[in-house]
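Thanks for coming. I will go through one structure today, starting with the overall fold and ending with the ligand.

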Amino acid sequence: MVSKEFLQELPKCEHHLHLEGTLEPDLLFPLAKRNNITLPEGFPKSVEELNEKYKKFRDLQDFLDYYYIGTNVLINEQDFFDLAWAYFEKVHQQGLVHAEVFYDPQSHTSRGISIETVTKGFQKACDKALAEFGITSKLIMCLLRHIEPEECLKTIEEAAPFIKDGTISALGLDSAERPFPPNLFVECYQKAASLNEDLKLTAHAGEEGPAQFVSDALDLLQVTRIDHGINSQHDDELLDRLARDETMLTICPLSNVKLQVVKSVSELPLQKFLDKNVPFSLNSDDPAYFGGYILENYIQVSKDFPHWDHETWGSIAKNAIKGSWCEEKRKEDLL
Ligand code: ES4
Ligand code: ZN
């Protein structure tokens, strides 16, 4: 098995990280206080109690219920900056060199907070991460799939200035997967893509949903990356397609265990993906909720796949760089 030091020093890229999912209990409570937010009846009262709750979630929806409550404590541009900056400080220590990070504008606009406030706060943290740590980053705006597609179209219009000027690099789709399949969002993806030909497209698919949702995201939404996608393992033709087109899956090992998608990391089809040349990266998803940041995810995978040597790990890190949406020059420098 490779050492923690080796994994720490590998130049790592993260492609599946929800900024709202980096809200640690020890920031959630102070922010609630700072912004005079009353947490709902029955919500844990202390950092310890909340950490206890985060030890296990029944499923994706059980987690999302907590995640959306947490989101409510974020009000001012400074809060969004503080949240993202705390993330960059942590992962800088872990050997992260490039991050493509999600955020959910609708979790905030639905509470009367403007898309400008959110986007500018996050963007300033990204700028500081580049200036202080040399970490490059991209912002990916996600649509919440439990919100009506009509509403989502309005969100895209509100975000249009940031899509047009490239502040938002990509569009994603998250929240409860099974009840809200990709086909509902065809118009939204077309509309967003029409605003900027450089806009990248991705979607959560095949986390709790079937392999068919992965194929549908590729065919109907024209995405060039799939978030999670682990249920692709059940469709050999789809695996061949992902390999042929070099469509990267952004795998989130600790998340899959916490949300009971798998019992343990060893159950993940990572060896199959390697053998079939399906590109994937390893990511933390919602690290404050799932018990680890990027390095802890790498370490857990190394424990569950102990036969992987330095060369295997080197190729995993390289594939993550290759699958990144950073500028070609940056890619060359990282490779
Ligand atoms: C998410 Cl793990 C996961 N799946 C779907 N939507 C999400 N939003 C934040 N984390
Ligand atoms: Zn996710």
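Overall size first. For a chain of 335 residues, a compact globule would have a radius of gyration near 20 Å, and this chain has 19 Å, so the two agree. Please keep in mind that this is a predicted model. Along the principal axes, the C-alpha trace spans about 50 × 45 × 40 Å. The secondary structure amounts to 17 helices and 8 strands.

I picked two helix pairs. The first is H5, residues 77–92, with H7, residues 115–133. Their axes lie 7 Å apart, and the packing angle is about 30 degrees. Angles under 35 degrees count as roughly parallel, so H5 and H7 are roughly parallel to each other. Their crossing is right-handed.

Who makes that contact? On the H5 side, the residues include Phe80, Phe81, Ala84, Trp85 and Phe88. On the H7 side, among them are Val118, Phe122, Ala125, Cys126, Ala129 and Phe133. Charged residues take part too, including Glu77 and Asp79 from H5 and Lys120, Lys124 and Lys128 from H7. By class, the contact of H5 with H7 holds 11 nonpolar, 4 polar and 5 charged residues.

The second pair is H8, residues 149–164, and H9, residues 186–195. Here the angle is about 15 degrees and the axes are 10 Å apart. H8 and H9 are therefore roughly parallel as well, and H8 passes H9 in a right-handed crossing. From H8, the contact uses Pro149, Cys152, Leu153, Ile156, Ala160, Ile163 and Lys164. From H9 come Glu187, Cys188, Lys191, Ala192 and Leu195. How do the residues of this contact divide by class? There are 9 nonpolar, no polar and 3 charged residues in the contact of H8 with H9.

Last, the ligand. Which residues surround ligand 1? The shell consists of His18, Gly21, Leu60, Tyr67, Asp174, Ser175, His204, Glu207, Ser255, Asp285 and Asp286. By class, that is 2 nonpolar, 5 polar and 4 charged residues around ligand 1. The charged ones are Asp174, Glu207, Asp285 and Asp286.

That is what I have; questions are welcome.

Methods. Residues are numbered from 1 along each chain as its sequence is written. Chains are lettered from A and ligands numbered from 1 in the order in which they are written. This is a predicted model: local features need pLDDT of at least 70, side-chain atom pairs count only at pLDDT 80 or more; totals for chains, interfaces and linings use all residues. A residue is near a molecule or strand if its C-beta atom, placed from the backbone, lies within 6 Å of it. Axes are lines fitted to C-alpha atoms, for helices over the stretch in contact, and angles run from 0 to 180 degrees between N-to-C directions. Helices (H or I, at least four residues) and strands (E, at least two) are DSSP runs, numbered from the N terminus. Angles under 35 degrees count as roughly parallel, over 145 as roughly antiparallel, 65 to 115 as roughly perpendicular and the rest as oblique. A crossing is left-handed if the near helix is turned anticlockwise from the far one by less than a right angle, and right-handed if clockwise. Two residues are in contact if their C-beta atoms, placed from the backbone, lie within 7 Å. The radius of gyration is taken over C-alpha atoms; the globule rule is 2.2 Å times the number of residues to the power 0.38.
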